[in-house]
Amino acid sequence: MPLWVLAVSSLVIALVSATVGGAAGGFLRLEETDGEEQSPTLNSQLPSGEPERDPDTIAGVAQRVSPSVVALQPSSASDGEGGNGSGFVIHDNHVVTNDHVASALKDRNMEAVYSNGDSSGVKVVGTAPSSDLAVLKLTDPVDVQPLEFGNSDDAAVGDQVVAIGAPLGLAGTVTTGIISAVDRPVTVGERDNRTHITALQTDAAINPGNSGGPLIDAQGRVIGVNSAIATMGGGMQNKQGGSIGLGFAIPSAEAEDVVNQLLEDGEVTRAVIGVMLDPRHQEEGALIASDDTAEGDAVKPGGPADEAGLEPGDVITRFQDEKIADSNQLITLVQSKDPGDEVTLTYERDGEEETATLTLGSSTE
């Protein structure tokens with residue numbers, strides 16, 4: 001990820017269900033609701049023969065959302081084995097999913113399978129690895145109700161949510177739970193392909209194959225994109241554990257912005273400060289790596305941090321008015337801003353505290 005950053009990975013795994021290998025992704029976030037009552041937004045027809053349920057019940061929400069959730073898998077015409085994940089249909093016959101789902105299937109013919117068994121080919125419109133999101137285009141779409149993004153900033157701990165997807169290839173699986181936490185910093189992936197997200201945490205059962213599927217609120221709106229789970233294992237080598245009630249979703253506030261950029265430009269621009277951080281730093285703050293330990297210049301020449309006078313070995317302790325606990329937090333805060341924003345950093349050098357104002361740069365993926 002060309003963002004001039006490094007961070008420590010947590011015990012979180014991506015949710016690609018695969019017969020060969022797997023890929024990493026991550027997520028998490030939410031804030032308190034304003035209490036405004038909103039009506040269901042979906043008008044999908046019920047599946048034939050299914051008993052109707054009130055739209056404000058879990059069954060009612062699931063009935064209306066499930067037709068717009070697809071399983072993503074290798075097409076029957078593709079050679080070799082592959083994995084599977086989930087996605088959901090939005091406007092103009094596009095599908096939102098995780099980058100790690102699209103990446104796992106990129107070398108094979110991919111298809112989207114609807115809950116009624118119909119299928120369509122798909123092609124990649126754009127991917128954003130640093131956000132673990134991708135947008136696909138259906139080539140032979142079925143007429144279903146597009147799902148709408150809700151506002152994850154209006155969610156609160158304890159809100160009821162529904163997860164829909166294809167865990168272990170079991171398409172149309174519905175699970176329910178609550179928002180367990182918001183603003184949860186999560187880092188997953190290998191050193192050269194890490195994702196840093198402030199995610200929504202949920203106890204709704206999420207398992208490999210749920211990746212890219214929607215996390216739905218009580219009104220049937222997408223408030224998160226399911227991406228990763230925490231496990232009890234001591235490592236992740238070729239293993240994918242099941243749900244222990246610690247699932248994470250990319251909040252809709254971030255996902256919708258990334259999706260719109262991908263639809264408009266086919267790429268996403270991120271804010272950066274132009275430094276490489278040392279993931280081995282155990283004390284508070286984010287340590288700028290030394291040039292002899294970094295892969296290249298620890299402070300990018302001519303970058304925002306360089307122009308502001310920061311040097312290798314400086315420890316960044318505050319971003320704006322927020323105290324920095326570690327490099328993961330700093331990365332998340334920087335990425336929450338826009339390129340060109342002016343920010344203030346507080347850092348320590350040789351035991352002395354200093355302050356610098358810099359203008360954030362940009363990195364395109």
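**Questions on a predicted model**

Q: Where in the chain is M232 placed?
A: In this predicted model, two strands flank M232: β13 covers 222–230 and β14 covers 247–251. The place of M232 is the loop between β13 and β14.

Q: Does M232 count as buried or exposed, and why?
A: A residue counts as exposed when its relative accessible area is over 50%. M232 has a relative accessibility of 73%, so M232 counts as exposed.

Q: Which residues make the nonpolar surface patch of about 310 Å²?
A: M232, from the loop between β13 and β14, belongs to this patch. It is made by M232, I244 and L246.

Q: Why is helix α5 largely enclosed by the rest of the structure?
A: Helix α5 consists of residues 327–335. Among its residues, S327, L330, I331 and V334 are buried, each with under 20% relative accessible area. The helix is largely enclosed because the buried count is 9 of the 9 residues.

Q: Which residue has a side-chain oxygen within 3.3 Å of the backbone nitrogen of N328?
A: The pair lies at the start of α5, and N328 is itself one of the buried residues of that helix. The side-chain oxygen belongs to D326.

Q: What percentage of the residues in the protein chain is buried?
A: The chain has 365 residues, and its secondary structure comes to 5 helices and 21 strands. Buried residues make up 50%.

Q: What share of the exposed area of the protein chain do carbon and sulfur atoms supply?
A: The protein chain exposes about 15900 Å². Of this area, carbon and sulfur atoms supply 42%.

Conventions: Residues are numbered from 1 along each chain as its sequence is written. This is a predicted model: local features need pLDDT of at least 70, side-chain atom pairs count only at pLDDT 80 or more; totals for chains, interfaces and linings use all residues. Side-chain values use heavy atoms; hydrogens and water are left out. Patches are made of residues with over 30% relative accessible area and no salt bridge: like charges are joined within 9 Å, nonpolar side chains (Val, Leu, Ile, Met, Phe, Trp, Tyr) within 5 Å. Accessible areas come from the Shrake-Rupley method with a 1.4 Å probe; for residues, only the protein chains shown count as cover. A salt bridge is a side-chain nitrogen of Lys or Arg within 4 Å of a carboxyl oxygen of Asp or Glu. Helices (H or I, at least four residues) and strands (E, at least two) are DSSP runs, numbered from the N terminus. Buried means under 20% relative accessible area, exposed over 50%, partly exposed in between (1.4 Å probe, protein chains only). A polar contact is a pair of N or O atoms within 3.5 Å; within protein, one must be able to donate a hydrogen and the other to accept it, and residues adjacent in sequence count only if both atoms are side-chain atoms.
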